[in-house]
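The exercises that follow ask you to read a structure step by step. Try each task on your own before you turn to its solution.

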4 protein chains.
Amino acid sequence: MGTRQRILDTSLAMFNHHGSANITSLDIAAELEISPGNLYYHFKGKEEIINQLSKECELAVGTLLARVDLEAISESEYWVFLLSLLRVCLHYRFLFLDLQTVAPPQGNRGAQRLMKQLHSFTAHSLEALEEKALLQVKGEQREQLADNLFLLGLSWLCFDSGDSDDKAVERGAQRLISLVNPHLTRQLNLAGTDQ
Amino acid sequence: MGTRQRILDTSLAMFNHHGSANITSLDIAAELEISPGNLYYHFKGKEEIINQLSKECELAVGTLLARVDLEAISESEYWVFLLSLLRVCLHYRFLFLDLQTVAPPQGNRGAQRLMKQLHSFTAHSLEALEEKALLQVKGEQREQLADNLFLLGLSWLCFDSGDSDDKAVERGAQRLISLVNPHLTRQLNLAGTDQ
Amino acid sequence: MGTRQRILDTSLAMFNHHGSANITSLDIAAELEISPGNLYYHFKGKEEIINQLSKECELAVGTLLARVDLEAISESEYWVFLLSLLRVCLHYRFLFLDLQTVAPPQGNRGAQRLMKQLHSFTAHSLEALEEKALLQVKGEQREQLADNLFLLGLSWLCFDSGDSDDKAVERGAQRLISLVNPHLTRQLNLAGTDQ
Amino acid sequence: MGTRQRILDTSLAMFNHHGSANITSLDIAAELEISPGNLYYHFKGKEEIINQLSKECELAVGTLLARVDLEAISESEYWVFLLSLLRVCLHYRFLFLDLQTVAPPQGNRGAQRLMKQLHSFTAHSLEALEEKALLQVKGEQREQLADNLFLLGLSWLCFDSGDSDDKAVERGAQRLISLVNPHLTRQLNLAGTDQ
DNA sequence: AATGAATGAGGATTCATTCAT
DNA sequence: TATGAATGAATCCTCATTCAT
């Protein structure tokens, strides 16, 4: 694997584990056993690494969202999709933490765009459920429910640092479903789960 | 007001506003228009300031929790209490953010204890509601609901950066109630709100 | 003497001797036997030191020029004034060198202003001599003479690195006078010189 | 054109435009769209490039000076020669700037030799004029005039950054002539100019 | 000839912290 | 209590240079 990719991978792992603010560019170089100069040959600095990871995440999320047709998707397909989405977010979780603690001038424009995308996607999901007469929530409460889903989707990233990522992703998805459940006209048919 | 207290107040405000990681001890001294030496006369460093604020928060939360008798409290009293609790958390909100981004060796033991307290309190609240036959949730789902309440309670701190703190606190409380609502046998009678 | 002033003095000496581009901020700190941190306590960086020296020079030159009344000044007074002016330029000579080699974004706005001042002063000096019927040069040639005086005044700074500053200043002044001499209607009466 | 020559040409252009101190070896490679390794294949480093340019300049100036017979040259031939000489200096002007700002250990031995050559040539020119009874200046003043011519010849390089090189060269030559003019017994007959 | 990844020393700058007064 | 100059370690970053291919 190329050095550039190794830098991205290692940085992502370290950022996720210790928080991007606690990792210096020298830490990354040391971990990779390359010289600081080499790191700067591939990226202008820590910020550019973060920007790149941010772009990757945006791309991955964007691709997933673009592929989904909320009108046409089956329930079990939705479940698979939701797992994929959460898995991506978990993979880049440090971005979502940075959003709250890293000062704006530093590159989190991308992460902010992501937030907006995810937030509006959450709202659209609920609308789609309602059009199918699966969901019964009045206007304002629907917005609140969307907010809650969104917030929970993010905060779960920060706290569920359990065993494997797969397990965590499944728990996260179930957590979100459990928020919607009480408002459904019937239980969703989610293959691969017993919710 | 004594210098020591002014340091605490100003630090808290700056930490909440910019994130504790983005504030240096010189920033605090400059804001207070005191010398760095004076700051260090009162506190060994930034960490000790944070520790002190953390203790204050623990104390405030602890006092609130100790005063509440979940078995005996009325519904409108609970509402008042919930607002107080959230207000305290909002007041020290940087602690909850730091929890996720500041590396463990630095002083967040206190904040972690806080988390545990709040988490178990959330669970107890639900238990109490159930004993009063107000809530209908089965065992595992109750735990999940408690988790959700707890996570939402925290994440709201990070995102609801609206107008006044009072408004934010009220919104936060309603947000939490809306999570419990679908599982109640009857609507709660919360004075001062139309939930 | 205060540390701030010592930094300015030492920097000026080192800049003049080795060229500002060849002196690092650590060099200055080492020469003064202070820590790099201390240097940065007094000045944000090398650039701010240069800016300050530039301001000092502008001020010194500005004061001299403001005091001179070209119409009323006697010949021997002019000689004294010219020596003072050249002495100041020599004292801050690195500024004039930087002008040619340091890229514009870095702070030499001040030095550029200085140039303009000195250039227009040179032209005014010749005009005054002509009004007194001491100088006989036609329009375009007068401009060229002014240019020559100005250029020579500067380039002498860079090359006359002889013995004492006093001697150098005197040589510089005579050099300038010798440029004007052939065009005078009579020899100037300059006390303290045998030109 | 071979790579080696392209490196020299591009370096010269960049050094003249931005000052050699502000150009890194990577800048040169980037401008040429070659790899840094390739640059170092042809030259050991920036210094060797400068040395080579310096040698070229020395050679060009040396050839010009060697060809001139100050005793026998006609006035109009001298004018042509002077333009050639200044053109060469202008072409390699960064060398003359470096002389003043680049620390000695780095390669400007050559440039210093050049200076000496040019300075003594200036003196010889005046001597030749005098032998032909064209110039009337006494001993010490003749030296001073030579110095002035030399200094002005150099400083003009740094400041006359006007339109085309041809125009600049002509202006420079006229500037030098104007310094000598007042001391001539009769006007020189310089073809191609109206001095 | 040419590439481009890699090195490492050095320079700029920040900041928590100390200390004499 | 309070000052503010001083320290020094840590960090970020640049750049001349090397080297395997």
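**Exercise 1. Find how many residues of chain B are in contact with chain A, and describe that side of chain B.**

Step 1. Counting two residues as in contact if their C-beta atoms, placed from the backbone, lie within 7 Å, we find that 23 residues of chain B are in contact with 23 residues of chain A. The model is a predicted one, in which local features need pLDDT of at least 70 and side-chain atom pairs count only at pLDDT 80 or more, while totals for chains, interfaces and linings use all residues. Residues are numbered from 1 along each chain as its sequence is written, and chains are lettered from A and ligands numbered from 1 in the order in which they are written.

Step 2. Helix H6 (93–101), helix H8 (139–159) and helix H9 (165–180) of chain B each supply at least two residues of this side, and H8(B) gives the most, with 10 residues. Helices here are DSSP runs (H or I, at least four residues), numbered from the N terminus.

Step 3. By class, the side of chain B that touches chain A has 11 nonpolar, 11 polar and 1 charged residues, where Ala, Val, Leu, Ile, Met, Phe, Trp, Tyr, Cys and Pro count as nonpolar, Asp, Glu, Lys and Arg as charged, and the others, Gly among them, as polar.

**Exercise 2. Work out what relation holds between chain B and chain A.**

Step 1. Two copies of a chain are related by a rotation about an axis and a shift along it.

Step 2. A turn of 179 degrees with a shift of 0.0 Å along the axis lays chain B on chain A with an RMSD of 0.1 Å, superposed by least squares on the C-alpha atoms of residues with pLDDT of at least 70 in both. That is the relation of a two-fold axis.

Step 3. Because 100% of the interface residues of chain B are also interface residues in chain A, the copies meet through the same surface.

**Exercise 3. Describe the residues that surround DNA strand E.**

Step 1. With a residue taken as near if its C-beta atom, placed from the backbone, lies within 6 Å of the strand, 31 residues surround DNA strand E, and the closest are Gly37(A), Gly45(B), Thr24(C), Gly45(C) and Gly37(D).

Step 2. Among the elements that give two or more residues to this surface are helix H3 (36–42) of chain A and helix H3 (36–42) of chain D.

Step 3. The surface near DNA strand E divides into 12 nonpolar, 16 polar and 3 charged residues.
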